[in-house]
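Student: Please give me a close look at how the sheets are put together and how the helices pack around them. I should like the account to name the residues that make each contact.

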Amino acid sequence: MDDWEEEETPTVTTYSPPEGNDSWKSERSEFGRGRGGRGRGRGRGSESSNHTDGDSWNSSARETGGFRGRGRSRGFGRNNQSEFSENGNEVNENGFRGRRGGGRGGRGGRFRQDGEWSGQNDSRGGYRGKDEEVLSAGGDQNQDKDGADGERPRVTYVPPTLPEDEDSIFSHYETGINFNKYDEILVDVSGLNPPQAIMTFEEARLCESLKRNVSKSGYVKPTPVQKHGIPIISAGRDLMACAQTGSGKTAAFLLPILQQLMADGVAASHFSDIQEPEALILAPTRDLINQIFLEARKFSFGTCVRPVVVYGGVSTGHQIREIMRGCNVLCGTPGRLMDVIGRGKVGLSKLRYLVLDEADRMLDMGFEPEMRKLVGSPGMPSKEDRQTLMFSATYPEDIQRLAADFLKTDYLFLAVGIVGGACSDVEQKFVQVSKFAKREQLLDLLKTTGLERTMVFVETKRLADFIAAFLCQENVPTTSIHGDREQREREQALADFRSGKCPVLVATSVAARGLDIPDVQHVVNFDLPKDIDEYVHRIGRTGRCGNTGRAVSFFDADVDGQLARSLVTILSKAQQEVPSWLEECVFSGSSSSSYNPCRKPFASTDSRKMGSFQDNQNQSAVQPAAAAAAAEEEEWE
Ligand SMILES: Nc1ncnc2c1ncn2[C@@H]1O[C@H](COP(=O)(O)OP(=O)(O)OP(=O)(O)O)[C@@H](O)[C@H]1O
């Protein structure tokens with residue numbers, strides 16, 4: 001038995017939110033208040049919203065009314081397999097504990113009077129602070145192996161089998177009223193001899209099956225990034241593409257790649273021990289790469305091209321078995337990808353396309369060495385012998401410089417609209433609120449939004465648990481996603497949010513990029529991020545594909561002052577009203593630019609057009625402080 005062969009996992013945890021309980025939509029008094037008085041006494045750091053009796057709190061929590069979270073809480077959204085023992089300690093379930101080096105180990109956290117979560121880490125290798133995920137960068141290699149070192153239990157989770165019926169595969173949401181306005185966005189292509197843009201999908205000369213799949217996906221006409229990106233990729237050019245969130249970047253790279261593979265008659269073969277994909281697609285988070293895989297699966301439906309996905313938190317054995325069944329397009333998070341390459345299951349000699357989605361993220365954060373390791377993997381074609389494609393809505397100038405190392409010198413830079421600009425279909429509002437008043441403000445806000453789908457972003461994993469638990473106590477059907485939740489829980493949380501079972505999703509930055517969830521009408525920044533690009537991505541979870549959306553951000557001048565200047569720029573460029581108090585904040589000096597001194601708020605265009613590009617080639621692109629602060633949730637596996 002190979003070391004990757006494992007037992008299949010037990011079935012996925014069932015999630016059962018409160019039924020028939022919609023009191024949270026009505027008056028404040030019905031929000032479940034008075035059940036124990038918030039913030040006092042001892043409770044659990046995170047509580048399940050899956051109680052079938054509609055009571056979100058267990059008896060001990062109710063008795064004591066509390067939020068003083070005990071235990072490194074991960075239990076939100078669980079079923080009745082109790083995750084905590086009576087005294088609040090975790091109990092073992094399925095042998096999953098502690099594989100992130102102790103994120104779950106910290107105990108005794110509580111919400112202080114000043115509104116801040118204070119975790120008391122214990123010595124069991126507990127919470128490692130903000131860089132917890134970073135420390136596991138590239139470290140997926142061992143995590144699925146049996147716990148020989150006593151610390152890394154084998155991951156046995158196998159995601160549920162995907163539905164095969166066409167309705168599920170091609171389900172999509174409608175383009176919005178502003179879809180046609182995409183045509184008015186200014187487009188700039190820089191670099192030598194760019195090919196002519198296409199105006200229609202017919203001009204893309206897709207083969208019949210691809211054309212049929214595009215049409216079944218509800219695509220009638222290409223978006224600007226597709227009009228320009230498809231012919232550039234089809235012409236064999238390297239590309240760095242920047243287009244606003246939700247404007248169809250995924251199809252812009254998938255369609256020309258799949259078209260070329262089909263035209264060349266590649267076919268997945270399971271007769272080979274080692275699979276040699278023609279395309280590698282990388283993204284920074286598990287949930288995003290899974291989504292990209294589903295898009296690839298949709299567009300290649302009924303063809304001989306076979307996409308496969310690999311990412312952390314799922315049984316490696318299962319994923320390798322999937323690869324062995326044939327693999328032309330391998331989608332993955334970098335750590336797991338390097339793992340399967342390292343195990344000799346994937347060869348790179350046939351590789352023609354290397355795609356980095358959220359490319360600025362992939363090259364930021366000090367992960368650049370990991371990316372270099374990947375492109376330096378044995379058998380990886382040199383940049384001259386492969387086509388490298390990068391996509392994002394944001395491209396800080398320093399990252400553009402770094403990215404150029406991975407691209408041929410004659411790469412094209414495609415800018416649709418303002419590089420780093422916010423989606424113009426998202427109405428952006430700001431509320432001045434101190435950290436003490438944020439929870440009340442959030443409840444008030446959710447009262448007005450009712451059952452509309454809302455993503456609430458918070459800064460830390462612990463706070464995500466806490467706020468989700470708080471909302472559940474207030475009878476708001478809520479789930480959460482963050483890097484300390486097990487993969488099955490994350491997938492369940494996303495499924496419950498998508499289905500509307502839980503219309504509120506509390507998330508850390510792990511959900512900021514790329515996720516394409518239908519009908520997200522609102523994004524709330526309970527905590528503003530430290531980084532303006534992160535803000536752009538977060539609010540881009542709404543207002544997608546021509547639909548309109550709304551983002552409300554809680555601004556606490558004591559904490560968020562350093563972001564004010566960039567926010568004013570973002571709002572102005574999106575032609576939105578800038579609150580006078582926010583402008584004053586900039587001029588009063590509380591908006592310091594010292595946080596990220598080397599970065600301009602936006603690269604307005606292709607960095608090569610700016611004189612500094614060559615001069616700064618050797619300058620380190622990674623800003624350690626910024627990287628560390630923004631690294632809370634990214635995972636490299
Ligand atoms: N030409 C099209 N016609 C109709 N719908 C489209 C078209 N192109 C893309 N879409 C849909 O628009 C939605 C957003 O696309 P996608 O997720 O690729 O955006 P994105 O630009 O990658 O966003 P982000 O920057 O957030 O990652 C998806 O549901 C996708 O299926």
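Tutor: What follows takes the sheets in turn, together with the helices described for each region, and includes a note on an annotated segment.

The model is predicted. Strands of a sheet pair through backbone hydrogen bonds, in either the parallel or the antiparallel sense. One open sheet is formed by 8 strands, and its pairing is mixed. Read across the sheet, the strand order is 3-10-4-9-8-5-7-6. At the edges stand strand 3 (187-190) and strand 6 (307-310), and each of these pairs on one side only. On average, and with direction ignored, neighbouring strands of this sheet are turned by 15° against each other.

A closer view of one pairing can be taken at strand 5 (residues 279-282) and strand 7 (residues 329-332), which pair in the parallel sense over 4 bridges. Within this pairing, A279 has V329 of strand 7 as its bridge partner.

Helix 6 (residues 249-263) lies across several of these strands, namely strand 4 (239-242), strand 5, strand 8 (353-357) and strand 9 (387-392). With respect to strand 9, helix 6 runs at about 160°.

Two packed helices are described by the angle between their axes and by the distance between the axes. Helix 6 also packs with helix 7 (residues 286-299), at an angle of about 45° and with the axes 10 Å apart. That angle is why helix 6 is described as oblique to helix 7. Their crossing is right-handed. From helix 6, the residues T250, L254, L255 and L258 meet I292, E295, A296 and F299 of helix 7. By class, this contact of helix 6 with helix 7 comprises 6 nonpolar residues, 1 polar residue and 1 charged residue.

A further helix pair is helix 9 (residues 334-342) with helix 11 (residues 368-375), where the packing angle is about 30° and the axes lie 11 Å apart. The angle therefore makes helix 9 roughly parallel to helix 11. The crossing of helix 9 and helix 11 is left-handed. Helix 9 contributes P334, L337 and M338 to the contact, while helix 11 contributes E370, M371, K373 and L374. These residues divide into 5 nonpolar and 2 charged, with no polar residue in the contact of helix 9 with helix 11.

A segment with database annotation may be considered next. An unreviewed UniProt entry lists residues 199-227 under "short sequence motif: Q motif". Residues 199-227 are also covered by the UniProt annotation "domain: DEAD-box RNA helicase Q", again from an unreviewed entry. In the model, the chain over residues 199-227 is 45% helix and 0% strand. The end C-alpha atoms of residues 199-227 are 6 Å apart.

Another open sheet has 6 strands, in the order 11-16-15-12-14-13, and its pairing is parallel. Strand 11 (426-432) and strand 13 (478-481) each have a single partner strand, so one side of each is left without a neighbour in the sheet. Neighbouring strands here are turned by 20° against each other on average, direction ignored. At the edge formed by strand 13, 4 bridges join it to strand 14 (residues 504-507), and the two strands run parallel. In this pairing S480 stands opposite V506 of strand 14.

Helix 14 (residues 461-473) packs on this sheet and touches strand 12 (453-457), strand 13 and strand 14. The direction of helix 14 makes about 175° with that of strand 13. Helix 15 (residues 487-499) likewise packs on the sheet, touching strand 12, strand 13 and strand 14. For helix 15, the angle with the direction of strand 13 is about 135°.

The remaining helix pair consists of helix 18 (residues 564-573) and helix 19 (residues 580-587), whose axes come within 8 Å and cross at roughly 135°. That crossing angle is why helix 18 is termed oblique to helix 19. The crossing of helix 18 and helix 19 is left-handed. On the helix 18 side the contact is made by A564, R565, L567 and V568, and on the helix 19 side by L582, E583, C585 and V586. In terms of residue class, the contact of helix 18 with helix 19 has 6 nonpolar and 2 charged residues, with no polar residue.

Key:
Residues numbered from 1 in each chain as written. Predicted model: local features only at pLDDT ≥ 70, side-chain atom pairs only at ≥ 80, totals over all residues. Axes fitted to C-alpha atoms, helices over the stretch in contact; angles between N-to-C directions. Parallel < 35°, antiparallel > 145°, perpendicular 65-115°, else oblique. Left-handed = near helix turned anticlockwise from the far one by under 90°. Contact = placed C-beta atoms within 7 Å. Nonpolar A, V, L, I, M, F, W, Y, C, P; charged D, E, K, R; others polar. Pairing = 2+ DSSP bridges. UniProt positions renumbered as here; feature names shortened; annotations may be inferred.
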